[in-house]
Amino acid sequence: MLVQQFFVKGIAHSSYILAGKETCAVIDPRRDTDIYLEAAKALGVKITHILETHLHADFISGHIDLEEATGAKIYAPKSGNCEFEHAGLSEGDSFEIEDMEVRVLETPGHTPEHISYVVSDSSRGSDPVALFCGDTLFVGDVGRPDLFPGKAEELASQLYDSLYSKLLSLPDSCEVYPAHGAGSLCGRSMGAKRSSTIGYERKYNYALQIPDREKFVEALTTSMPPAPDHFSRCSNVNREGPAKLGTLPQIRGIPPAEFFELAGRNDTLVLDTRCFEGFGGEHVPGSYSIDLGGNFGTFAGWLLPPERQVLLVSDSETHALEAVDWLHRVGLDNVLGYLEGGMFAWVTSGLPTAHVPQLSIPELHARSREAEPLVILDVRAPSEYESFHIEYALNIPVPELRTHYPELDPEHETVLICSTGHRSSMGCSILKQHGFERVYNAAGGMTGYNAAGYGPECPMCSLSWAGKSGRKET
């Protein structure tokens, strides 16, 4: 028996291969599935089973593409009422993969249809050796039960039973393989470690130290982080069966003049994936700024209207293709193409540009102490703002700017700040779309503010899981 984990940064998603000598299962696959085909080939095994623990809310699963590529059978929760061909599983169902027995537990709470897979390796013994628990149990945390409006308390109570009556009945030695790690918004405070054991979680997981049901429900239904917009869309896409990636249009390079015409339509949007410094220097007017070096997938799914077609501005075709992969992962499939030649081709074609001035942290600090200071808008999450913020700074998290921008005066000079500059650039792009011209981005954010000695270290800015491509994810 072999377990191989595959981790996707940004959405902090873990999927797995569970392999014997000749065959294997893929558990909770990501949408771009070539990685499993390559891994199975390297292991010398055939993919025969595709196991889903639940209808994922934060990403589009790869079960349909993987079935087409391998002929493997899809197994999913029976109560999920999936519309594609599959084996529906319920409490007590079991099946075998070579010497491994896979037993099904119904573990609702994070979602109503959630199941977990308990694996025993009969070649060594009958004890459960591995638990693939999806989003029921994490390292240091448990799945959030508040994704279904009006059902949070009911689901939290079901989660209590799933944990205390079922998962904690497994032996302490049983290994725990969750579907997410630190950085995911499917929980609140996941650890950076990507696997654990029942015994370790029993002893140290905060939620498993609350044996009283009412207190557990209260703890799991208060102070939860906001859920991104695509969380309300992806579950149903996964239930219906996502479009196969091979059927989606291939993106193309679009010359500046044609790009300009397309960008002027009501059914399109321009997404600039470059670093916030590049976006600030010059960008296509009306663009969204979501830096590919930040938490791109989550914020693209959160901020972009799904009904509109996407036009990309990137540093290169390679970066454009990377952005497309991320958009597909969060269910944004309608990508028309990318600006051929990038912003250099745009400006040398004589086309208009917009700008966002970048303020250094010393400049911001000085301006904040003038007789008529800038309006400082902190676009971090409330928990980050409460840990430390600049005096008199307003707090509107960046996703809320889409509806709360009328609370701000477009005539005032306004500087946006986050932990590094990524989210604040997103916020600047949103305000620019609504007629705010006097906006600035605080380059370096609260990380730079604290490094300059103006405040304490922000705990959210120094998380080990935040890095990607040499930059911090925000």
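1. Let's start with a turn in the chain that is easy to follow by eye: strands β9 and β10 are linked by a hairpin, and six residues make the connection. Keep in mind as you look around that this is a predicted model.

2. How do the two strands of that hairpin run? β9 and β10 (residues 128-134) are antiparallel, and four bridges hold the pairing. To find one of these contacts, look at serine 120, whose bridge partner in β10 is proline 128.

3. β9 has another neighbour to visit. Strand β8 (residues 100-106) runs antiparallel to β9, with seven bridges between them. Serine 120 turns up here too: glutamate 101 stands opposite this residue of β9.

4. Is β9 buried or exposed? Seven of the seven residues in this strand (residues 115-121) are buried, so β9 is largely enclosed by the rest of the structure. Try checking both faces: on one side Ile115, Tyr117, Val119 and Asp121 are buried, and on the other side so are Ser116, Val118 and Ser120.

5. Now move along to another sheet. Five strands form an open sheet with parallel pairing, in the order β13-β17-β16-β14-β15. Its edge strands are β13 (252-254) and β15 (288-289), each of which pairs on one side only.

6. Which strand does the edge strand β13 pair with? Its partner is β17 (residues 335-339), in the parallel sense and over three bridges. For a contact to pick out on screen, take glycine 253, whose bridge partner in β17 is tyrosine 338.

7. One general idea helps with every pairing above: strands of a sheet pair through backbone hydrogen bonds, either parallel or antiparallel.

Note on methods: Residues are numbered from 1 along each chain as its sequence is written. This is a predicted model: local features need pLDDT of at least 70, side-chain atom pairs count only at pLDDT 80 or more; totals for chains, interfaces and linings use all residues. Side-chain values use heavy atoms; hydrogens and water are left out. Two strands pair if DSSP finds at least two bridges between them. Buried means under 20% relative accessible area, exposed over 50%, partly exposed in between (1.4 Å probe, protein chains only).
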